[in-house]
Structure formats: structure tokens, C-alpha cells
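Work through the exercises below with the sequence and the model side by side. Each task is followed by a solution in steps.

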Amino acid sequence: MGNDLSDQIAATAWSANGFATQADLLRKSVSRHYERGRKTYDGRAEMLASAASDVAAAFRQTGHPLGLISDWSEFLRDSSERSMLMLEALRKRGDIFLEHEAAGAPPVLIYDYEIVVDGATLDRPCNYMLLSIKPPKGVEVFDWKRPYVIIDPRAGHGPGIGGFKPDSQVGVALADGHPVYFVAFRPQPVKGQTLADVTDAEATFLREVHRRHAEAPKPIVVGNCQGGWATAILAATNPDLAGPIVLNGAPMAYWSGRVGQDPMRYTGGVVGGVMPAMLTSDLGGGLFDGAHLVENFELLNPGRNWFRKYYDLYASIDKGDQRFLEFEKWWGGFFLMTEAEIRWIVENLFVGNKLSKNEARLEVGRPIDLKAIRAPIIVFASHGDNITPPQQALNWIVDTYADEREIQIRGQRIIYMVHEQVGHLGIFVSSSVAKREHTQMASTLKTIEALAPGLYEMTIDEMTGEGNDRQFKVSFQQRRMDDILALDDDRREEEAFASVARMSEAIAETYDTAIRPGVRAAVPETVAGLVRSMHSLRRQRSMFSSQNPVMAPVAAFAPTIRDNRKPAQPTNPFVMAQNLWADMVEQSLDIVRDTRAAFFETLFLSIYAHPAIVWYGQSHAHGRARQTSDTLLRTLPEVVSALDRMSQGGLAEAVVRMLVYLADARGNVRRDRLERSSEVLTTREPFAQMDAPARARMIHEQSLIAEFGSDAGLETLPHLLATKKDREEAMAFVDYVVGPVEEMEPNTVARMTRFRSLLGVAPLETKTEAAE
């Protein structure tokens, strides 16, 4: 009886806390949406009011009715000419779309390439292929330099976004002399293709790259967006193949985000989990149409995608249509997936979040453990990314490792960088990002393996110079898990997603057994192909193509119009009124977008954050088991082995140990020091004779000694350096890496002074003291 009463009291308290949590989440959601909307639209209202005032002033300034008639006539001519030229651009887009599809939708790369490995010929065939990028004229690459392998996202679009202009990931790597390979894919998957087939093909690609560049270090693998989680899976299931991996805007922890800010993650709960993807695939004859994904992306920002980009084309048509057509060629290349592929993605990533929780399996008997990745990991995220917010790009680190010390213990290096404002696509295609972030990242990757294991944030500060001569100050700040969590809320809302995951499994099972057989029987392949061809995104392109006879006059008259253009003056009051109207239309669509986002979030939290529904999802709410106590971490085999060898070694071990202690004392590592450290550890004896794995093992071991050995690690330095010559040589290496005394921070000076005292080496000297 007493136990029953205790259980009832506990259940009542739990329920009360659950309702309080739900109420707090709803309050936070509504208040944040309101506050952001108020700030955004108050500012926009002021701008629109100012623009309206300018329009009114322009009309008043015109004065005489004849002046208005003249302005109206000028505007009408300008507007009709712009409309015709815009239609001509849309006709070109339609023709390019049809030609691109007819050609098999090849990658939109601006570089020449050759197919090195065709996935269709492998034992487990797939539609992927490895391309070798041919450097343009005047650019030289070197086989001994670390190759780059770039994996583009397969998220509805085709491949090539990472190299469709000179200032791109491909361009940055080629300019620095690196061989570049590109992982591309064809529109149609091989029948029965799975993501396990794709991962095995990508592993084959890396082996071929290594065979071609046997003298070079392991290749850098760059994964963009959905290509990012594919890169992580590749590195986790084949830890011996990849060098450093770069995850650009890659969603890895799908349940994460900030309440009131990141609405895309709620889609699974609102639409019913994985079932819509299954149904859509069945209606497509077993193939999922990537046009649906592209349509979802456009829905995220209808003001931009449905109106503003076309109005911008119209308003700036005199500057040409080349940029518009280049981007639309990629944006309008719609690729397909098998049902098995899209279902795995939705169940394991979008809805189930299993990759972050260590529950994902590539196939039966092949678990995916992100801790198995041995290569350094660089993560690039942005606060301006509404598709992959920083929390989705970074929280997998918190979910995977107990704390930053476990990252050190495992010999891992994880570096993250968070941009303040660039959008999702800007991470891959922005010229400014390519010139700054990707260029500095590429430079950093040369020396990253000289960095002591741990968690770091990469910061870039502009210095002097312009254009190609611009110099940047790059440093690596040691971070804790709390620094990543500080980017997020308290993550309480993530419990609600576990309920969605369980509900999705139940609905999928019901659909699979009771409904699917009838749907598949009712949709033959010919009907599925017809349905795909009628998708609105395909029709809006093909209907403006030259196949439509209505567009024939546009093609005929557009050249004459362009040759005889008479644009209206920007001060024309009707032009100004037109621009004001466009801003108002976009703002109206933005208000609809933001209202919809607020509605979806409050609907989601009202249903799935309810205590009863949260209880329903408890079986799916757990994370991976992690060792968190200091005692448990100290008993890990790697730590025990390193501490047992604390007094063993020589010059090389002593130098590395001192450099690790210095990095810990400063809390950050400047890139110039990292570059000098890399130079010492790769070109100076006794390091030069070591291979990369041996060097990495030594850095790992000395990092563990510095972390867990405390003062004992310092006091045993004399045991490693038995002679005066060795001690002076070791200090000379350290002095070179650290640089002049005048550039040292107080903690560094104190640590260097202690090194010298322990080793009996002459004290530090400033340049002035040395000269005297």
C-alpha cells in the first residue's frame, strides 16, 4: 500500500513537472517568435515608410502632369523591355534544364574532369563515381601534396556546387597545388541501391586516391551538407582510409536547435514521420524524387525563392543573366533516390537521430560509431544557416564524448568554426567564404596533425592587406563541452522528438503491412515516370523553354530589345514605386513564413511535449552510454599505458610533452606557432624519420601524460633528457616554436621558466638582454 502511494505521488509530481516544462517551452516559443518578429518587422516598417515617403516626394517633385506622363511612358517602356528580357532568361533556363536532363545531368563543375572509378562497375554497384579534376591552365598541382576529395550533398540536387566557380572549395585546393577529386553521382540510382553500397563505393574511391598518391598523406575529405554526414559515416566505418575530414553545414544531431528559431526540425512530427517518404517513393515506382526535397527547401523562404529572386532578375536584367542561369542549372537538377536510401536517411537521421545516439547501423551487423573516427575533424557551421543551425552541426560532439578530456584520451582533434551570418548555401558557394574561411581552413589542414588532441574553436581575425594580399590572424582556442552547449538552450524540447521517432516506427509498420502492397500494385513504372515529369518544379522550367511555341516571339525579339535598351532612371517615381511594391510583397510572404513557422512549432510542442506523449517516447529518448567520472577516464587503457611510460623516451617525447604543456597553459594555439611546431615535428631530426602514424601516437601519448600526469609529467622531463646537449637541444626546439619572449603571455613565460629550471638550462632572455 505504501509503495502504491509513493508511486502515485511520484507520478503526480512527474506529471506536474511535465506540464510545467511544456508550458515553459510554449511560452519561450511564442515570446521568441514575437520578439524576433517585432524587431524584424518594426525595422522593415520603418524602411518601407521611408521608401514610401521618398516615392511621394518623387511624385511631388515631378509637378506638372506632362512630367508624370513622360515618367509613365519611360517606365512602361522600361518595364516591358525588362519583362521581355526576363522571359528570355526564363526561356534559357528552360532550355538548359531540358538539355541538362537529356545529357544525363552531369556535374555542374566549371572544371574539366575525368572519371577515375565508376561505381556502376563495382561488386556492389551504385550510381556514384569518382572524378579527377583537371587543373586549369596556369595552375600546377603536385602529386606529393595531400589530395582533396570533395563529397557534394545528394539532397535533391545534383553534384558540382563545391566547384561551380573559381572561388570555391575546388578552386581553393587547386590554387594551393593539391590534387582534387570529386565524388559525383548520376540522376538514377542503381536498382536496389542502399547507402551501404554508396559508403563502400566511397571507400573504394579513397583507396584509389591513395594508390595514385602513395607518397602523399591520407586525403582530406570534405563533406558538404548531407555529404557531411556521409563523410562522417565513411570515416567511422573505414577509419584507416581518410585524413582530416571537413563537415560543412552538415546536420549530425537532428533533434537539436533553439526553441523559437529552427522550425525545419519539426517537420517529421507535423507530417507523420517517415511514412510520407515511403508513400512518395511508392507513388514513384520505388524511387523518391529529389524535387520534393528541393520544394521543401524553397518553402523555408518563399519570399526569396518564389518572388525576390525573380524580381531581382527583372530589376538587374541589364547586368546579364549568367549568374542566375548558372545557379538555376544546379538548383533545377533533380536527382532520385531508392526507397531504401530515403527511408534509412529519415529513420536514422531526420526523425530517429540515431547517428548522434550511436544507434545507427549502415546495414545488419555494421554499427556506426562516431568515436571510431581517427582522423581530425573540422566542423564549419553558421548562425545564419536555417537548414543546419550550429546546434545540429555541433551537438553530436556533446552526445558522443563524455567531455573534452575523452576527446584527448582518444587522440582525437575536433576543431569547429561558427560563422556569424552566412546562409546554408553560402557555406559552399559564397566567394567571400571561399576566400576567407575555406582558404584559412585549407592552410590549417596542412598542420592540424601537429595540434595536441582536444576540442578547439578556430577563430579568424582580419589583419592587413587587400585582395590576394590580405593577411589573417588565425588561432585555435581550447574549448569545453559547455562552450558548445552555450550555443543551445537546455535541450529540454528534444524529449518530444523521441515520441515522434516511436510514432514514426508505428505508422511505418502499419503502412508497410496494410497499405503499401495496394499502393505499389496501383502504380506501374510508366505512371510513376509521368507523375515525376509533372512535378511543379519541372513544369515551371519546361513550360518556359523553347518547346513552348508561345516563347518563340521572346527568342526572336529579345536580342533587338537588348541592343536598343533605354532603361528608366532610378529616380523615376514609378520605378521607385515598383521597388517599394516588391519590398512589400516580399515582406508579406516573409510574414506568412514566420507565422507558419510559429504555428508549426507551437503545434508540435502542444502535441509532443505533452507529458503523456513524452512518456510514450521514453523508450527512444536515451542517449549513448558515456564514461563521465575522472576515475573511470583514468582507468581507460590508453591513459594507464601512457602514465606507465611517463619516464620512458628521449628528445622527441620531451619536446612534444613541453609543447603540449605550453598549449594547455595558454588555452589557445596561434597558427604561426602551429606551423612552426609542424615544421619541427616533420622536418627536424629525430622527428623527420618518423612516419605519420608514429608521430600521431607520440603526440597522443604525451598529451595524456600532460592531462593526467600533472606535475609528475613535468618532473620526469629530466629522465627523458639525460645529457646537457639533449636538454639544450630540446629547449632550442621549444624556443623556436614559441617565438620571442616579447610575444609570450605570462602563463607561457612561467611555464618556460619552469622548464629551464627543471632541465638546468640558461634562463629566458629578451632580445635586448641577448644583444647586451
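The exercises go from the overall fold to the nonpolar cores.

This is a predicted model, in which local features need pLDDT of at least 70 and side-chain atom pairs count only at pLDDT 80 or more, while totals for chains, interfaces and linings use all residues. Residues are numbered from 1 along each chain as its sequence is written, and side-chain values use heavy atoms, with hydrogens and water left out.

**Exercise 1.** Describe the overall build of the protein.

Begin with the secondary structure, which comprises 33 helices and 15 strands, where helices (H or I, at least four residues) and strands (E, at least two) are DSSP runs numbered from the N terminus. Next, take the radius of gyration over C-alpha atoms: at 30 Å, it is close to the 28 Å that the globule rule (2.2 Å times the number of residues to the power 0.38) gives for 772 residues, so the protein is as compact as a globular protein of that length. Finally, 52% of the 772 residues count as buried, meaning under 20% relative accessible area with a 1.4 Å probe, protein chains only.

**Exercise 2.** Locate the nonpolar cores, and follow the contacts of Trp-396.

A nonpolar core is a set of buried Ala, Val, Leu, Ile, Met, Phe, Trp, Tyr and Cys residues joined through side-chain atoms within 4.5 Å. The largest has 86 residues, of which Trp-229, Trp-344, Trp-396 and Ile-397 touch the most other members, and helix α18 (residues 494-522) gives the most to this core, with nine residues. Leaving aside residues up to four places away in sequence, Trp-396 touches residues including Leu-247, Met-252, Ser-356 and Tyr-401, a contact being heavy atoms within 4.5 Å. Apart from the largest core lies another of 64 residues, among them Phe-182 and Val-680.

Terms used
Buried < 20%, exposed > 50% of the residue type's maximum accessible area, 1.4 Å probe, protein only.
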